[in-house]
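Please read this report with the sequence and the structure side by side, and look up each residue as it is mentioned.

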Amino acid sequence: MKTMNTMKTLSYFLLSIIFILSGCKKDDPTPLPAETGKYESGYFIINEGNFGTGNGSISFIDENGNVENNSFELNNSFLLGDVVQSMNIINDNAYIVVNNSANIKVASANNMQYTTTIDAVSPRYIAQVSSDKAYITDWGINGVHILDLQTNSIISTISCGIGPEGIAVNNGYAYVCNVGAWGLDNTVSVINIATDMVETTLSVGDKPGSAVVDINGAVWILSSGYTEYDPNDWSIISQTAGSLVKIVDNNIVSTFTFEVGNSPSDLVINDLGTDLYFTNGAVYTMNISDNQLPTNPLINRSFYGLGFNNGYIYGADAVDFTQQGWSYRFTNNGNIIDSVQVGIIPNGYCFN
């Protein structure tokens, strides 16, 4: 049986083929009227949708736990597109990254009213890096787009490693995880935000994918490790270990190595910036002062995506990667509170 991390990698490979073969897209129709302030209190769930079908979506959970699926579609006259990868709220705008449709849809965060589309190649994640600009990681260019937040236009690009993925921003620098995409990389590009140039490149574990910043300003990078499969029967040929590294002043100061065969992913941090959470066949937590990796799971099940907000842990379950998935909410000590059925292949969260 293939691991969940492997399913992600295989899906990305197939998505790239579909994108190359498809080339054209329809213009977005005129948006419908939307209810002002509808989405101010609650959080969003990102649903990839089935690749190649264009049924990616956003779900919204209000403060009372009520779920609304297809929130973008309900407020506009068209679907988001093919493979909704991530979402971030910047300056009251929702930037929704639609990977296989090769664009970022921009909408008002409080009513999901569509405003514009930003074209890219194979975009992954977006992060605000200053008052007037954001960075967008893009596998298609092996680099980062610089987005002018005043005009919502891409003004330049920065070359990084292979398959730039998650971004963490701290103290004038952006830390870009080069996950390797359809190949292999083990680096983090450290970009000086003032100059928009890569100032240094750090070698970490194979396939770094997610990054967070702790209360002390240290940057943590989680790498899943690399697994090579036989293309004929998908048996494992070789594997490398996953790792968690701590970066201070653009230098690696600590490295925690997982057992070979583990595939840790989806690193998040609590509201205080003191406790890390990640998946590795289950959900684990680790205090930033700990000197070894945790051995006992906090939540004894795995998820396709994690989130943390207002003292709660959130886990996205993609079920069979075909039907609608579920989102679960837990206390910070791992006790389940509730669950809601969301869209197809939920992979992450966006909190107001």
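In which strand is the place of Ser156? The model is a predicted one, and in it Ser156 belongs to strand 11, which covers residues 153–159. With a relative accessibility of 35%, Ser156 counts as partly exposed, because that value falls between the 20% that bounds the buried class and the 50% that bounds the exposed one. Leaving aside neighbours within four places in sequence, Ser156 is in contact with Val144, His145 and Ile146. For Val144, the separation from Ser156 is 12 residues in sequence and 8.6 Å in space, from C-alpha to C-alpha.

**Salt bridges**

How many salt bridges does the structure hold? There are 5 salt bridges, and the table gives some of them, with the distance from N to O.

| Residue with N | Residue with O | Distance, N to O |
|---|---|---|
| Arg124 | Glu165 | 2.9 Å |
| Lys133 | Asp196 | 2.7 Å |
| Arg301 | Asp317 | 2.7 Å |

The salt bridge between Arg124 and Glu165 joins two side chains. Since Arg124 lies in strand 8 (residues 123–128) and Glu165 in strand 12 (residues 164–170), the pair ties together parts that are 41 residues apart in sequence. Are these two residues buried or exposed? Arg124 has a relative accessible area of 0% and is therefore buried, and Glu165, at 7% relative accessibility, counts as buried too; the cut-off behind both statements is a value under 20%. Arg124 has a further partner, for its charged end sits over the ring of Trp139, at 4.0 Å from the ring centre.

The salt bridge of Asp196 and Lys133 also links distant parts of the chain, with the two positions 63 residues apart in the sense that they are 63 residues apart. Asp196 is found in the loop between strand 14 (187–192) and strand 15 (197–203), whereas Lys133 is in strand 9 (residues 133–138). Lys133 counts as buried because its relative accessibility is 12%.

In the salt bridge of Arg301 with Asp317, Arg301 comes from the loop between strand 24 (283–287) and strand 25 (305–309), while Asp317 is in strand 26 (residues 312–317), so that the pair ties together parts 16 residues apart in sequence. Arg301 is partly exposed, with a relative accessible area of 29%, whereas Asp317, with 17%, is buried. Arg301 also lies over the face of Tyr328, at 4.4 Å from the ring centre.

**Strands and hairpins**

Strand 26, which holds Asp317, pairs with strand 27 (residues 324–331) in the antiparallel sense over 6 bridges, and Ile313 stands opposite Phe330 in strand 27. The hairpin of strand 26 and strand 27 has 6 residues between the strands, and in this hairpin Val319 takes a positive phi near 55 degrees. Strand 27 pairs in turn with strand 28 (residues 336–344), again in the antiparallel sense and over 6 bridges, with Trp326 opposite Gln341 in strand 28. The hairpin of strand 27 and strand 28 has 4 residues between the strands, and Gly334 in the turn has a positive phi of about 95 degrees.

Elsewhere, 4 strands form an open sheet in the order 16-17-20-21, with antiparallel pairing. Why is one side of strand 16 and of strand 21 left without a neighbour in the sheet? Strand 16 (208–213) and strand 21 (251–257) stand at the edges and each has a single partner strand, so one side of each has no neighbour there. From one strand to the next, the twist averages 20 degrees. Strand 20 (residues 243–248) and strand 21 pair over 6 bridges in the antiparallel sense, and Lys246 has Ser254 in strand 21 as its bridge partner.

**Aromatic rings**

The count of aromatic pairs comes to 21. In one of them, the rings of Phe72 and Tyr114 have centres 6.4 Å apart and planes at 85 degrees, so the pair is edge-to-face, a class that needs an angle over 60 degrees. Phe72 lies in helix 2 (residues 71–75) and Tyr114 in strand 7 (residues 114–119), so that this pair links distant parts of the chain, 42 residues apart. Phe72 and Tyr114 are both buried. Ring pairs also link Tyr43, Tyr314, Tyr349 and Phe351 into a cluster.

Definitions and conventions: Residues are numbered from 1 along each chain as its sequence is written. This is a predicted model: local features need pLDDT of at least 70, side-chain atom pairs count only at pLDDT 80 or more; totals for chains, interfaces and linings use all residues. Side-chain values use heavy atoms; hydrogens and water are left out. Rings of Phe, Tyr and Trp (its six-membered ring) pair if their centres lie within 6.5 Å; planes under 30 degrees apart count as stacked, over 60 as edge-to-face and the rest as tilted. Buried means under 20% relative accessible area, exposed over 50%, partly exposed in between (1.4 Å probe, protein chains only). A charge sits over a ring if NZ of Lys or CZ of Arg is within 6 Å of the ring centre and within 35 degrees of the ring normal. Two strands pair if DSSP finds at least two bridges between them. Axes are lines fitted to C-alpha atoms, for helices over the stretch in contact, and angles run from 0 to 180 degrees between N-to-C directions. A salt bridge is a side-chain nitrogen of Lys or Arg within 4 Å of a carboxyl oxygen of Asp or Glu. Contact means heavy atoms within 4.5 Å.
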